[in-house]
Amino acid sequence: MLRWILGGREAQSSVEKSPVLCIGEEQPKNWFTELQVLKGHFDIVRFLVQIDDFRCASAGDDGLVLVWNVETGERLQELRGHSQQITAITTFTCNNEVMTHTSLITASSDRSLSLWDPDTGNRVQTISDLQSSVKCLLVLERLCVWVSGGEELCVWNKDFQLQCHRQNHSDTGITALIELPKNCIAAAMDKEIVIYRLTVSTDSSLSVAEIRCLSDHQDQIRALINVNDGLFASGSHMGELILWDAIDWNILAYEHILWEESQACTQAEIRMGAPKPSEMSIQHLTTNGKFILAAVGSGLYVYSVLTKTVVAYRKVAHDSNILHTMLLSDSELMSCSEDGSVRMWEIQDLPLPAEPATPGFFGMWTFGRSSKQTVPPSKKIIDVPNIRTLELTGDLIGHSGAVQMFVSFKENGLVTCSTDHLLILWKNGERQSHLRSLALFQKLEENGGL
């Protein structure tokens, strides 16, 4: 059992694995040696949100929202009310002079929005019969409002009252939202990023206006994130990564990921024959402000925001598409995939002979707006100095389906969710053993010894 959980892949799939990724049972840098399976959902679990240092909420296609204690694995609340799958979930924290309280906001395919109290499990507010399903949610804590995105952009106050809204004309609707400086919002709609500005009038009423449309992507935008106070980034289905100025919305860097047709050819040129879309699609972006981690198909790429260059990569990091990533530190990261695994990585110097770099990915960063060329000219692989690799340090195997995402509670553990309807709570085995020993000694002292 330990072999299957920590290293053996035989129980997961018969697909041949890359030898460089098979690290076996010896994983000295993998501290997740204890797991607890959390059951309660009866369909795909797609979302996890952290409520506080000890609680998280899970949601998915069964319409349920479950609240968990990550220290004990206990299910604290079961929030029932939606009749169809959850499409978005976020926390909403209200601060007043007396206390701070965190609520949950959920959106569903049943075209409703709900506000929940995770302490009691009660549904505090609900909005039904929306024109369409909401695909994403964004909380603007400074203004004490929240925003829903779908076929229209709606701004709501903490009492679930509609403040203003704006219809959009995209077939796909709004798929992602982020907050920008100066009361602005960036909304991803198909190939475009639309910038909206919220205005607070003298009578405290809100209005929203579209002030800019960024049309530099050539394919559907799959990821949109804040990098820091002055930057944000977006990634597309055809492998475009754009770094934007968050104040004036100009392009600071543009990179189009291309793939060579064969690694075996030492003189390989960039081939513009269409690869599988999943091989170049940016599925997920995450950042710690200094680096951007991009999940590109089944590969991982780490960018330096300062130098605007790739500092480390692993072209094939999983057996299938990567769905979620996280930077644990400047040298450690984590990823999960459709292959059912969660993997830990460490940035290390590239051994010689080096794995061939993906040619187009390490091209020059261009400044200013994209020229939107349909087919850049072919060129030789570019020799990139000081490039590093990602070395596999931990392979967490426990799920039997695609791992949708994870949430880290640092020393309290890691929570993962999957299409297998399960959550798994991964913990530091040595720390848990130590805590159990302390609890036992404390109990013996309370009872006066043996």
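**Notes on ring pairs, cavities and the main pocket**

1. A friendly start with one ring: Trp244 is buried, its relative accessible area being 0% (buried means under 20% relative accessible area, with a 1.4 Å probe and protein chains only). Please keep in mind that this is a predicted model, where local features need pLDDT of at least 70, side-chain atom pairs count only at pLDDT 80 or more, and totals for chains, interfaces and linings use all residues. Residues are numbered from 1 along each chain as its sequence is written, and side-chain values use heavy atoms, with hydrogens and water left out.

2. Searching the whole structure gives five aromatic pairs. Rings of Phe, Tyr and Trp (its six-membered ring) pair if their centres lie within 6.5 Å; planes under 30 degrees apart are stacked, over 60 edge-to-face, and the rest tilted. In one pair, Trp146 and Phe160, the ring centres are 4.8 Å apart and the planes stand at 45°, so this pair is tilted. Trp146 sits in strand S11 (residues 145-149) and Phe160 in the loop between strand S12 (152-157) and strand S13 (162-167), 14 residues apart; strands are DSSP runs (E, at least two residues), numbered from the N terminus. Both Trp146 and Phe160 are buried.

3. What about the partner of Trp244? Phe232 and Trp244 have ring centres 5.9 Å apart and planes at 10°, so they are stacked. Phe232 belongs to strand S19 (residues 231-236) and Trp244 to strand S20 (residues 240-245), so the pair ties together parts twelve residues apart in sequence. Phe232 is buried too, at a relative accessible area of 0%.

4. Trp146 appears again in a cluster, where ring pairs link it with Trp156 and Phe160.

5. The model has four cavities of 30 Å³ or more. On a 1 Å grid over the protein atoms alone, a cavity is a set of points where a 1.4 Å probe fits but cannot get out; a pocket is an open set with protein on both sides within 12 Å along at least five of seven lines, and lining residues have an atom within 4 Å of a point. Volume is the space filled by probe spheres set on the points, which are joined across faces, edges and corners. The largest cavity holds about 70 Å³, and its lining includes Leu130, Ser148 and Cys154. S11 and S12 each give that lining at least two residues.

6. The largest pocket holds about 2,200 Å³. Of its 46 lining residues, Phe47, Ile89, His284, His324 and Met405 are the closest to its centre.

Key
Helix = DSSP H or I, 4+ residues; strand = E, 2+ residues; numbered from the N terminus. Buried < 20%, exposed > 50% of the residue type's maximum accessible area, 1.4 Å probe, protein only.
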